[in-house]
Amino acid sequence: MNETSPIIRSLERSYCTDPEILATERAGLLIRTWRFAGHVNQVTKPGDYFAFEMSGENLFCLRDRDGEVRTFFNGCQHRAHQLVSGSGHASLVVCPYHSWTYELTGQLRAGPNIRSVPDFPKSEICLTSVRTEVFHGFIFVNFDDAAAPMDDWFPGAREELGAFVPDIDRLAPLEWVEIPEKCNWKVSIENYSECYHCSINHKTFATGVIKPETYDIQPQGYCLRHTTECQNLDQMTYPIELESNDFAGSYSSWFLWPTFSFQVYPGNRLNSYHWRPHGPDECTVWRGWYSIDGEEEPVVRQLAVQDRETTVEEDIYLVESVQRGLKSKGYVPGPLVLDPGCGVNSEHLIRALQQ
Ligand code: FES
Ligand SMILES: [Fe+2]
């Protein structure tokens, strides 16, 4: 690409099709950034834990006796056996191989016959921890111990989310919708990061949820911030009470680079996107829907179904078609539509993602 040219093009084919590029991302970008691990609702009591996989590593989160949420590599410090699987509750972490036992802080507590070893370095043995932050109840981890805190990466996002969703700290997942997509994770995220395609492809979203003509997306640190107004009330597909608070009539989303997004539908309805790369042309999108204490909430259920049947379904068709096109010998990276005034019909945020 010509550095001085104002024309910015879509990604070269290899970025979205080459297994080596994905391996490089997994060894770099995807482990030095804040990634979503789970929700505090999965670890409400000390000793609660859940295991998960991220960038090829087995990890687990647990809540310790002081209430802190910690994340560890899921491997024993003796001879590397996996410590826990699934989710559950344990007063101590006990390795199934030779029963070495760890405190909830990760410190080694005991092991059969270890005292027989002269100068056994027990106090030095601790599970390897992973940097963890709780962000309005959402647990994020970063393999980079030196990474700046999330508030530095995503300035303003924590406060803004608190204002858009007054009950955010009382929310718990009501529904997870798992969406396999046959495309590179970046194709799916680029699609999420522009609304140039919305009016043509997302009739329900564009005429029954938001007003496309007010849509804009702007970078905010490493966050990409989407903002728009709700659709006229007589056209909304679900009820909202405009008077209930300052943001009830707004839509906003905070995409936390590289693989998570908080999205607030009009009516202060929080939902989330979590992208998980599996292969160069395969990823899963997890859509989370939330209610107070995870209690049944008909509007949230209705939105989860409506979104799965419309926007999500429509996007699967788009991103999988793009992935097939990227693999074609006829593919030439095309110029992005970068409107200097930004707005709904501009792809300026794809440029920001590329950078
Ligand atoms: S590998 Fe865990 S106790 Fe031996
Ligand atoms: Fe879309």
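Student: Which residue in β9 is the bridge partner of Thr 71?

Tutor: In this predicted model, the partner of Thr 71 is Val 130, a residue of β9. That bridge belongs to the pairing of strand β4 (residues 69-73) with β9, which runs in the antiparallel sense over two bridges.

Student: With which strand does β9 pair over five bridges, and in what sense?

Tutor: Over five bridges β9 pairs with strand β10 (residues 138-142), and the sense is antiparallel. Within this pairing, Arg 131 stands opposite Asn 142 of β10. As a general idea for reading such strands, side chains in a regular strand alternate between the two faces of the sheet.

Student: How many residues lie between β9 and β10 in their hairpin?

Tutor: Two residues separate β9 and β10 in the hairpin, and His 136, in the turn, has a positive phi of about 50°. The general background is that most residues other than glycine have a negative phi, and that most peptide bonds are trans.

Student: Where does Asp 119 lie, and is Asp 119 buried or exposed?

Tutor: Asp 119 is found in the loop between β8 (108-110) and β9 (129-135), and its phi, near 55°, is positive although the residue is not a glycine. Asp 119 counts as exposed because 5 other C-beta atoms lie within 10 Å, where the cut-off for exposed is 12 or fewer.

Student: What of Asn 268: is that residue buried or exposed?

Tutor: Asn 268 is buried, because it has 21 C-beta neighbours inside 10 Å, and 20 or more are needed for a residue to count as buried. Asn 268 also has a positive phi, of about 60°, without being a glycine, and its place is in the loop between β15 and β16 (269-279).

Student: Which peptide bond is cis?

Tutor: The bond from Trp 257 to Pro 258 is cis, with omega near 10°, and Pro 258 sits in the loop between β14 (250-256) and β15 (260-265).

Student: Turning to helix α4, which of its residues are buried, and against which strands do they pack?

Tutor: In helix α4 (residues 157-164) the buried residues are Ala 157, Glu 160 and Phe 164. These residues lie on the same side of α4, because they cover an arc of only 65° around the axis. The buried residues of α4 pack against β13 (223-229), β14 and β15, and β14 and β15 are also the strands on either side of the loop that holds Pro 258.

Technical notes:
Residues numbered from 1 in each chain as written. Chains lettered and ligands numbered in written order. Predicted model: local features only at pLDDT ≥ 70, side-chain atom pairs only at ≥ 80, totals over all residues. Helix = DSSP H or I, 4+ residues; strand = E, 2+ residues; numbered from the N terminus. Arc of directions from axis to C-beta. Contact = placed C-beta atoms within 7 Å. Pairing = 2+ DSSP bridges.
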